[in-house]
Amino acid sequence: MSHLQIRGVTKAFGDQPVLRGVDLEVPSGRLAAVLGPSGCGKTTLLRVVAGFERADGGSVVLAGREVTGPGTHVAPEKRRVAVVPQEGALFPHLTVAENVAFGLRGGRGARRTGRARVGELLELVGLRGYEDRMPAQLSGGQQQRVAVARALAPQPDVVLLDEPFSALDAALRANVRADVRAALHAAGATAVLVTHDQEEALSTADVVAVMRDGVVVQAGTPKEVYRFPRDVEVARFVGEAVVIPATVRDGVVWTPLGHLPLAQAAADGVGRAVLRPEQVHLVPEGEGLMARVVDRYFYGHDASVALEVRCPGDVLLPVLCRTQGEMPEGDTVGVRIAGPVNWFPGAA
Amino acid sequence: MVRAGESGWATAWEIVVRERTLRLVLRSLGLTAAVTAACLVIGIGLAWLTTRTDLPVRRTFGVVAALPLAVPSYVAAYAWISTFPNLAGFWGTLLVLVACTYPYVYLPVVAALRRADPSLEEVSRSLGRSSLTTFLRVTIPQIRPAAAAGGLLVALYALSDFGAPSLLRYDVFTRVIHDSYRSSFDRTPAAVLSLLLVVLTIAITVGEARSRGRAGQARVGSGVARTAAPVGLGRWKPAAALACVGVVGVSLAFPAGTLLYWLSVGSSARLDLGRLTDAATATVVVAVLGAVVTTALAIPVGILAARHSGRSARVLEQATYAGHALPGVVVALALVFLGVRYLQPIYQEVPLLVLGYAVLFLPAAVGAVRASVAQSPRRLEEVSRSLGLGSWATLRRVTVPLAGPGIATGAALVLLTAMKELPATLLLRPTGMDTLATRLWTETGSGAYAAAAPYAAALVLLAIVPAILLTRVQTRVVSRTTAAEAPAPAVAPITVAVLGPTRPTGSTGPDSPEGGAQR
């Protein structure tokens, strides 16, 4: 399998630019997630890589071969790029086995090896025994798994997944996601997953690329993107964020909630600090800062508490706190902030 | 057009402004309006009764109600006039045309009602609206595109029908055109009147297209719509059942009964079995030839029209509308003219007749193919390309198989209409060749009702085959597409087949980059 390089890809529909110079690199055998709000151009990027759309500029290099570039446009069927569209898009007139075998090159002799390959792939996605079903007889999750098997069958260089889990129930989504990820890893496939779901991107991918207004704003491991976002918008997009006014002096962030260590070195100045709700800890009343409980959200595996913190100088600051599930009994609590925070210069 | 222009525009204009012509226009339009209105009421009423209520034996009835499609209007006309000679004129023509054409409204509305999301009606009821208000404000808007398209078909049919008005001696355009073509050497009036008729039909078509509602249906989520719980008719049940029986009685049972009667009487009038078989064979041969040629032409054109959005595709779509608006009499006349002038070798030969069928019915077949191609998501073709199949292989293995039902619909529709087509066959058939339709025409023309009966019966029996096929495709399409992610068609196949699909709102194309996400 192979390396995917996207360099400076631009694309406009009419006079409306959709991609404004996208750069992205996916190492061989890795799963990259392109994360962005709807309308940011991520689906268009996928379609350019697949060859369904012609890029206006920039290049796409796949396994060392330029498939899109100035004067180059390799036809989709010659790219060795497989796609898994939203909702699977299985061929409704073919059985599961025929769907999976669709992209297998077939002479007469290839039929037997083909059948073995189909079985192997269905095994991989956990659907052995479903060979003769029609797509209409499958559940949404099963259809999605068949679509992944179909994409993997011709051993493509890259698999592109376009929001493949968004049509599934929340309960099912986590399972199918894990299965698909396992299947992709088992096949050693290089894959690009497009999604607007930050949890999905962070939990599934090896590389997360955050896209906004037609460019990749930040790409890195899930941890990097979450812990060290490039700007406030990225921070807000990859997770819940508490944004507070803050000033940096001598490598320390001064905020209404007290002074905190910097996550990334920064020059002195005025700006905003971003902390994650899990950095906000509840302490018994009387310790730390005093806060009023505004709202409580119980999720089962954890819980959030919306607070209004009374800072020195009688400033009231809304802060979200994540707990392990316990929630304050009374209406007032104490609050303590822990750990380094990210700080970005600019007006509050 | 050329024919009309040749004799000088002055003469042509004179014919147009004649008082007789004006009366002809009014009479034709009046009949068309009356037929359309009656068909809308009956078609929508029957469709609602058979899909949404607890009408007794509604499933069987649902199929039977579509069968008048197989009864050519002139056969029905023959059945009525041979029993009630006084029926000639406006009311008889109205009755016969309504009885024969209401399925054009009924079928698409049934499909639309099946597809309409019943939860919308439930919401309306839960918000305190009565069932009548709900029907008017929620249900009717949902079936409006289907009903309007069906109504257009009926209007075009009524305007262009030749057999029924002729047999019932009601002077409308088609009849006058045919008579003036047959009876005089000067064919200018026929040509001028044809042009006028074409202008009228195009005006109606364009008017309908303009007035068509733009509201698309929005549905959040991809859940499958449930079937609606039937409405209890209560004490209205007997009345509703009676009304249904009445419609079917008038449109099916009566013609069938009359045919049987004349058949039994006719046995004394010496049935020429050889002639009947010849005519039946000729009917099947030319109709099948027409269907094969037309469908073969329609497949590439339909795919092109559905998959390429450019100027040429739009022109093609417009041509589809215009093509359907051409009455058979007019197309036949044009081909006669063409045949005499330029195609002498095939004039009055089978190829010219088949060409006539192709010109007349190609739009219908193209529409059917186009609609089913447009319904299958473009994504499937993209997936196929990305799996390493070239564009031809993709066409062969994905596009055409998925268009299968559409192609079948188109072929059945052409077969059915070609069997029933009277004026084109009459004018273009080879000398000495008779189809069931033309034999029937000749016999009834001379008042030999008993002699006509076997031909009429044979024609109806033959036409029932494609009619049933159409009905089944029509009703099955709905259940087959629900599981696939194909967006539900906006209009039922039969209407689409003839009118071309109403463009789905928010179709995914190159102009909506993230469009897929919103679907």
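Strand 7 of chain A runs parallel to strand 8 (residues 158-162) of chain A, and 4 bridges join the two. That pair is a handy way into this predicted model of two chains, because strand 7 (81-84) also turns up on the side of chain A that touches chain B. The predictor gives the complex an ipTM of 0.74 and a pTM of 0.68.

**Strand 7 and its sheet (chain A)**

- Val81(A) is where you can see the pairing up close, since this residue stands opposite Val158(A) in strand 8 of chain A.
- Zoom out, and you find an open sheet of 6 strands with mixed pairing, in the order 7-8-9-3-10-11.
- Strand 7 and strand 11 (215-220) of chain A are the edge strands, each pairing on one side only.
- From one strand to the next, the twist averages 20 degrees.
- Being at an edge doesn't leave strand 7 of chain A bare: Val81(A) and Val83(A) are buried on one side, and Ala82(A) and Val84(A) are buried on the other.

**Two loops with unusual backbone angles (chain A)**

- Most residues other than glycine have a negative phi.
- Arg80(A) goes the other way, with a positive phi of about 60 degrees although it is not a glycine.
- You'll find Arg80(A) in the loop between strand 6 (72-73) and strand 7 of chain A.
- Is Arg80(A) buried or exposed? Arg80(A) is buried, because 20 other C-beta atoms lie within 10 Å, and the cut-off for buried is 20 or more.
- Asp213(A) isn't a glycine either, and has a positive phi of about 45 degrees.
- The loop that holds Asp213(A) sits between strand 10 (207-212) and strand 11 of chain A.
- Asp213(A) counts as partly exposed, because it has 14 C-beta neighbours inside 10 Å.

**A hairpin elsewhere in chain A**

- Strand 18 (residues 303-311) and strand 19 (residues 315-323) of chain A run antiparallel, joined by 9 bridges.
- One of the pairs to look for is Ser304(A), whose bridge partner in strand 19 of chain A is Arg322(A).
- The two strands form a hairpin with 3 residues between them, and Gly313(A) in the turn has a positive phi of about 90 degrees.

**Where the chains meet**

- How many residues of each chain are in contact with the other? On chain A there are 28, and they are in contact with 25 residues of chain B.
- Helix 1 (42-50) and strand 7 (81-84) are the elements of chain A that give two or more residues to this side.
- By class, the chain A side has 16 nonpolar, 8 polar and 4 charged residues.
- From chain B, Arg379(B) is in contact with Pro85(A) and Ala89(A), leaving aside its neighbours within four places in sequence.
- Arg379(B) belongs to helix 18 (residues 378-386) of chain B, and is partly exposed, with 19 other C-beta atoms within 10 Å.

**The two chains overall**

- Chain A has 8 helices and 21 strands, while chain B comes to 24 helices and 0 strands.
- In chain A, 43% of the 348 residues count as buried; in chain B, buried residues make up 50% of 519.
- Take the contacts in chain A with a sequence separation of 6 or more: residues 24 or more positions apart account for 67% of them.
- For chain B, 82% of the contacts between residues at least 6 apart join residues at least 24 apart.

**A helix to look at in chain B**

- Helix 16 (residues 328-341) of chain B has 14 residues, so at 1.5 Å a residue it should span 20 Å; its end C-alpha atoms are 20 Å apart, which agrees.
- The buried residues of helix 16 of chain B include Gly328(B), Val329(B), Val330(B), Leu335(B) and Gly339(B).

**How confident the predictor is about chain B**

- Chain B has a mean pLDDT of 74, and 74% of its residues reach 70 or more.
- Among its elements, helix 6 (residues 90-101) of chain B has the highest mean pLDDT (88), and helix 24 (residues 515-518) of chain B the lowest (35).
- Over residues 213-225 of chain B the pLDDT is below 50, and this stretch has 11 contacts in the model beyond near neighbours in sequence.
- The pLDDT also stays under 50 over residues 477-519 of chain B, where the model has 111 contacts beyond four places in sequence.

Terms used. Residues are numbered from 1 along each chain as its sequence is written. Chains are lettered from A and ligands numbered from 1 in the order in which they are written. This is a predicted model: local features need pLDDT of at least 70, side-chain atom pairs count only at pLDDT 80 or more; totals for chains, interfaces and linings use all residues. Two residues are in contact if their C-beta atoms, placed from the backbone, lie within 7 Å. Ala, Val, Leu, Ile, Met, Phe, Trp, Tyr, Cys and Pro count as nonpolar, Asp, Glu, Lys and Arg as charged, and the others, Gly among them, as polar. The expected span of a helix is 1.5 Å times one less than its number of residues. A residue is buried if 20 or more other C-beta atoms lie within 10 Å of its own, exposed if 12 or fewer, and partly exposed in between; C-beta atoms are placed from the backbone. Two strands pair if DSSP finds at least two bridges between them. Axes are lines fitted to C-alpha atoms, for helices over the stretch in contact, and angles run from 0 to 180 degrees between N-to-C directions. pLDDT is the predictor's confidence in each residue, from 0 to 100.
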